[in-house]
Amino acid sequence: SDIANDPLWTNYRDVALPRGLRACWSSPILSSNGNVLGTFAIYYREPRTPTPQQLEIIEQITHLASIAIERKRAENAVRASGQVARGQVEALVQSLDILATAPPPEKFIGQMLGTIGRLLNAESVILWLLDEATDSVIVRASVQGANLAMVEPEHPFVKDPLSWKDNPGLQEMFFTGVPVAIEDIDGDPRVSSALREFFRSKGTKKFLTIPTLVGGQVNGFIGIRHGDRSPYRPEEIELAQALAHQAMFAIQLNDFAKQSEQAAVLEERNRMARDIHDTLAQGLTGVIVQLQAAEDATSKGYKKDARNHLQSAQALARHGLNEARRSVRALRPQALEDATFWEALKGLIKSATVGTHLQTDFQLRGELRELPPLTQENLLHIGQEALTNTLKYAQATRFETRLSFNAKGVRLDLRDNGVGFKVNNGHSGFGLSGMQERVEQIGGRLTIASARGKGTKIVVVLPCEQR
């Protein structure tokens, strides 16, 4: 009521009084579980005490403020968790795309580091591995922006691979296996003087270290550097961890390939990767679509629609997890175990597009006949890949599926009304080249027609002996 004489203002009245403030009524804004979210303060230029009516008004105001703040925080939490989930799924789809083409391991690792850098808007991302024999760290890969790059030769860990031990933050990370965020290069005692000076010379002000694990043991870390930026959010750290696990998977896969020189083994590895890609990528793309729709509904306040989209994403994710487990065992799509090929294809397309703007249409011409298992599997994967490409790139509003049987054979038509693309004779891109390989495997013919602004049409024709 009186700042000049109230003991609560002893340490602050010298700031308030020269500015003409003589009274302050401050009330806490409490959350539904009693935590303080903030304060609601009213200042006056003369000493005064609130009346009972004013206290009642203030109580109503703080209650409304509490509701508004909690709702906003809940919306932000949903949006943040959706962004993390979407980022993880997008990264996994990208890694499946690259893995299925059997690229050089450095390309795969570089892509994972580049994805981390892109999603976190980082200056550079470096993967360091621990050499247990010498207890030193060695650069495995480094990217600046989206491109592989050499680590600066003046980096303290390059000049002295044992100097990582001078950094308490890194020692903490190796011991606990938990990421360490350095929010202030200059003020954080967990940074060595040599590393601090190097970062200053490069304009780095913050960095994040993510442990890499093999068999539950820390065998290195990914260093992520930033200039000015807001504090690291938990969901960003979680996303970086998920991508770090994928990078380590690539390294382990490379080690496996080096140990096996038999061409048959590598060929089987590529076949398995292709099958896993075709099976999972479509489902994961569906998850992304549903999460994007949930984000959009949340931002517009459509809570029921957001819940429906999240439930669809969960269902697709569970289906994908079951497919991943099944792929390890048999690599035959679960959908074909429970239904005919036609019903399985329609079911997969419907589940991936439910609640989206993409309208689907199905036509069966002729009498449905039983197809050989290998033919069913390859046609199903081709349908999945075509839908995945439509969802990811085409910006289409319609996707048509037609299966035709006649005396000459079987024909599968897949068409969208999207933006289209320029087709070359080699059908570049893993999805299209994978389709070609599948069609050749079952003795058929593949035709792809597309043009900018005119959509895409994919046709598979199988001769009658494929029935």
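User: What comes right after α6, and what is the sign of its phi?
Analyst: Helix α6 is followed by G203, and the phi of G203 is positive, near 80 degrees. Please keep in mind that this is a predicted model.

User: How do you know that the buried residues of α6 line one face of the helix?
Analyst: Start with the residues themselves: L195, R196, F198 and F199 are the buried ones in α6, which spans residues 193-202. Looking down the axis of α6, these buried residues fall within an arc of 165 degrees, so they line one face. On the other side of α6 you find S193 and S201, both exposed.

User: What do the buried residues of α6 pack against?
Analyst: Their partners are α4 (156-159), β7 (206-214) and β8 (217-226).

User: And what makes the buried residues of α5 line one face?
Analyst: In α5 (residues 168-176), the buried set is G169, L170, M173 and F174. Seen down the axis of α5, that set falls within an arc of 135 degrees, so one face of the helix is lined by it. These residues pack against β3 (124-131), α4, β6 (180-182), β7 and β8. After α5 comes G177, with a positive phi near 70 degrees.

User: Why is K159 called exposed?
Analyst: K159 belongs to helix α4. The relative accessible area of K159 is 63%, and exposed means over 50%, so K159 counts as exposed. Leaving aside residues up to four places away in sequence, K159 touches P153 and E154.

User: Where does N121 lie, and why does N121 count as exposed?
Analyst: N121 is in the loop between α3 (105-120) and β3. Its relative accessibility is 65%, and the cut-off for exposed is over 50%, so N121 qualifies. The phi of N121 is near 55 degrees, a positive value in a residue other than glycine.

User: What about Q395: why does that one count as exposed?
Analyst: The reasoning runs along the same track. Q395 has 67% relative accessibility, set against a threshold of over 50%, so Q395 counts as exposed. Q395 lies in the loop between α12 and β10, and has a positive phi of about 55 degrees although it is not a glycine.

User: What makes α11 roughly parallel to α12?
Analyst: The axes of α11 and α12 cross at roughly 20 degrees and come within 10 Å. Angles under 35 degrees count as roughly parallel, so α11 and α12 fit that description. The crossing of α11 past α12 is right-handed. Among the residues of α11 that meet α12 are L345, L348 and I349, and on the α12 side the residues include L379, L380 and L387.

User: Which residues of the largest nonpolar core touch the most other members?
Analyst: Among the 33 residues of that core, L379 and V460 do. The elements that give two or more residues to the core include α11, α12, β10 (398-406) and β13 (456-463). Not counting residues up to four places away in sequence, the residues that V460 touches include L379, I382, V410 and L412. A second, separate core has 23 residues, L120, L129, L243 and A244 among them. In soluble globular proteins, nonpolar side chains tend to be buried together.

User: How many helices and strands does the chain have?
Analyst: The chain has 13 helices and 13 strands. Of its 467 residues, 46% count as buried.

Key: Residues are numbered from 1 along each chain as its sequence is written. Side-chain values use heavy atoms; hydrogens and water are left out. Buried means under 20% relative accessible area, exposed over 50%, partly exposed in between (1.4 Å probe, protein chains only). Helices (H or I, at least four residues) and strands (E, at least two) are DSSP runs, numbered from the N terminus. The arc is that of the directions from the helix axis to the C-beta atoms. Contact means heavy atoms within 4.5 Å. A nonpolar core is a set of buried Ala, Val, Leu, Ile, Met, Phe, Trp, Tyr and Cys residues joined through side-chain atoms within 4.5 Å. Axes are lines fitted to C-alpha atoms, for helices over the stretch in contact, and angles run from 0 to 180 degrees between N-to-C directions. Angles under 35 degrees count as roughly parallel, over 145 as roughly antiparallel, 65 to 115 as roughly perpendicular and the rest as oblique. A crossing is left-handed if the near helix is turned anticlockwise from the far one by less than a right angle, and right-handed if clockwise.
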